[in-house]
Amino acid sequence: MTTRIAPLARHARTLATSATASAVSTASAAATTNRAAAFARKLDQGPSFDDFVGGDEIAQGTRVTMGNLKTPRLPSHLKAKIPTGSSFATIKKDLRGLGLHTVCEEARCPNIGECWGGGKDGVEGKRGATATIMLMGDTCTRGCRFCSIKTSRAPPPLDPHEPENTAEAISRWGLGYIVLTSVDRDDLADGGAAHIASTISKIKHKAPRILVEALTPDFSGDERQVATVALSGLDVFAHNVETVERCTPFVRDRRANFEQSLRVLRHAKRVSAEAGKEVITKTSIMLGVGEQEDEVVDALRRLREAQVDVVTFGQYMRPTKRHMKVERYVDPAEFDKWRTTAESMGFLYSASGPLVRSSYKAGEFFLENVLRKRREAAAKIDAGRLVAAGEAAVQADAHKGL
């Protein structure tokens with residue numbers, strides 16, 4: 001009798017377990033359905049996809065907030081459009097075909113669509129486009145905490161064909177103004193100064209009317225290398241101080257410092273003037289890295305004492321999570337204030353805005369006009385001198401005849 005009861009008991013337990021599992025499964029499914037239905041209702045009541053892409057302000061309380069709430073959120077005025085257009089595609093194709101690099105891509109510049117696009121498609125758009133060519137490869141020997149360019153103690157050797165290829169690409173585009181920049185090459189005896197100077201010389205040979213701006217390294221403060229580039233035929237010598245002096249150790253590589261950058265800019269201006277060349281000097285300051293107002297004013301004062309002509313202000317934007325954090329997002333009105341302040345202190349020009357970078361198209365257009373007017377004025381003076389010399393010669397001949 002006992003042997004028959006055991007199987008029956010086991011069977012009863014199995015049925016009970018199955019019934020319990022079935023009930024749990026049913027309840028779980030019902031709960032999942034209820035949650036899904038509740039989520040669907042919440043979506044129906046909340047903002048639509050058009051609200052998100054339309055750029056309008058979303059009502060308070062309807063936004064779902066995720067992530068680290070302590071980190072400042074990216075304001076709408078710092079969001080850039082995805083780059084498109086035939087001019088953008090053409091420039092990119094030319095660069096790839098010649099194996100050239102641009103700081104626009106390597107540093108993830110938010111203005112790449114505006115600058116490469118030129119505002120229009122076709123020939124006019126290409127003439128209005130700007131691409132900042134990055135010389136000496138895509139790997140830097142320094143590790144600044146704001147920069148996304150690759151770093152290495154021993155980058156690949158320089159490409160001896162790069163100066164010629166760069167000049168060839170630029171002559172194809174038919175631009176009026178070009179910006180050259182470079183990585184730091186502390187592994188080279190001259191810091192790459194001769195390579196940069198050679199590139200500028202070849203550009204001027206292929207396109208004599210083009211205006212060239214070079215955004216240079218500090219060459220470890222070696223004034224001989226600074227002079228090599230400053231006297232190479234360029235029109236604008238640029239070197240960025242990046243931030244105020246106090247923040248420099250936390251922002252830039254330890255081999256860079258504020259005073260050294262000032263000496264570079266001062267020496268470039270001095271040797272150019274001594275050689276009879278009217279070269280414009282230029283620098284850039286990032287805001288939002290922890291600087292104080294009085295520190296920015298002091299930096300501007302010292303830059304003017306070093307005879308720097310142009311200064312630009314832009315918002316620091318963290319390229320990746322491996323880089324230093326944004327201290328704050330600066331309001332556009334504050335950028336306007338710094339532009340006014342710089343101009344009142346005697347700077348020739350100041351571009352200032354959240355998306356402004358040192359190689360910024362609007363600034364380049366202004367400098368192009370300034371430089372061309374200076375050239376025209378110099379040409380008129382030379383022509384006047386020739387006329388005066390000719391008249392003097394005629395009068396001298398007339399006196400001899402008498």
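Is Lys-150 buried, partly exposed or exposed? Lys-150 counts as partly exposed, at 45% relative accessibility. That residue is a handy way into this predicted model, whose side chains form 25 salt bridges, one aromatic pair and a largest nonpolar core of 61 residues. Here is a quick tour, grouped by topic.

**Salt bridges between separate elements**

- Lys-150 meets the side chain of Asp-138 in a salt bridge, with 3.0 Å from N to O.
- Because Lys-150 belongs to strand S4 (residues 150–151) and Asp-138 to the loop between strand S2 (132–135) and strand S3 (139–140), this bridge ties together parts that are 12 residues apart in sequence.
- Asp-138 counts as buried, at 17% relative accessibility, while its partner Lys-150 counts as partly exposed.
- Glu-164 and Lys-202 form another salt bridge, and their closest N and O atoms are 3.9 Å apart.
- Glu-164 lies in helix H7 (residues 162–173) and Lys-202 in helix H8 (residues 193–206), so this pair ties together parts that are 38 residues apart in sequence.
- Glu-164 is partly exposed, with a relative accessible area of 35%, and Lys-202 is partly exposed as well, with 31%.

**A salt bridge within one helix, and a network**

- Glu-168 pairs with Arg-172 in a salt bridge whose closest N and O atoms are 3.6 Å apart.
- Both Glu-168 and Arg-172 lie in helix H7, where four residues, about one turn of the helix, separate them.
- Glu-168 is partly exposed at a relative accessible area of 28%, and Arg-172 counts as partly exposed at 43%.
- Elsewhere, salt bridges that share partners link Arg-142, Asp-184, Asp-186, Asp-218, Asp-253 and Arg-255 into one network.

**Aromatic rings and charges**

- The count of aromatic pairs comes to one, and the rings involved are those of Phe-313 and Trp-338.
- This pair is stacked, with 6.2 Å centre to centre and 25° between the planes.
- Phe-313 sits in strand S9 (residues 310–315) and Trp-338 in helix H13 (residues 332–344), so the stacked pair ties together parts that are 25 residues apart in sequence.
- Both partners are buried: Phe-313 has a relative accessible area of 0%, and Trp-338 has 3% relative accessibility.
- Trp-338 also has a charged residue over its face, as Lys-337 lies there at 4.5 Å from the ring centre.
- The ring of Phe-347 has the charged end of Arg-304 over it, 5.4 Å from the centre of that ring.

**Nonpolar cores**

- Which residues touch the most other members of the largest nonpolar core? They are Phe-237, Ile-285 and Phe-313.
- Phe-313 thus appears twice in this briefing, once in the stacked pair with Trp-338 and once in this core.
- Helix H11 (residues 258–274) gives the most to the core, with six residues.
- Leaving aside neighbours within four places in sequence, Ile-285 is in contact with residues including Val-241, Glu-242 and Thr-243.
- The contacts of Ile-285 also include Ala-299, Leu-300 and Leu-303, along with Val-311, Thr-312, Phe-313 and Gly-314.
- Another core, of 12 residues, lies apart from the largest one, and among its members are Ile-280, Val-310, Ala-351 and Leu-367.

Note on methods:
Residues numbered from 1 in each chain as written. Predicted model: local features only at pLDDT ≥ 70, side-chain atom pairs only at ≥ 80, totals over all residues. Heavy atoms only, no water. Phe/Tyr/Trp six-rings, centres within 6.5 Å; stacked < 30°, edge-to-face > 60°. Helix = DSSP H or I, 4+ residues; strand = E, 2+ residues; numbered from the N terminus. Buried < 20%, exposed > 50% of the residue type's maximum accessible area, 1.4 Å probe, protein only. Lys NZ or Arg CZ within 6 Å of the ring centre and 35° of its normal. Salt bridge = Lys/Arg side-chain N within 4 Å of Asp/Glu carboxyl O. Core = buried A, V, L, I, M, F, W, Y, C linked by side-chain atoms within 4.5 Å. Contact = heavy atoms within 4.5 Å.
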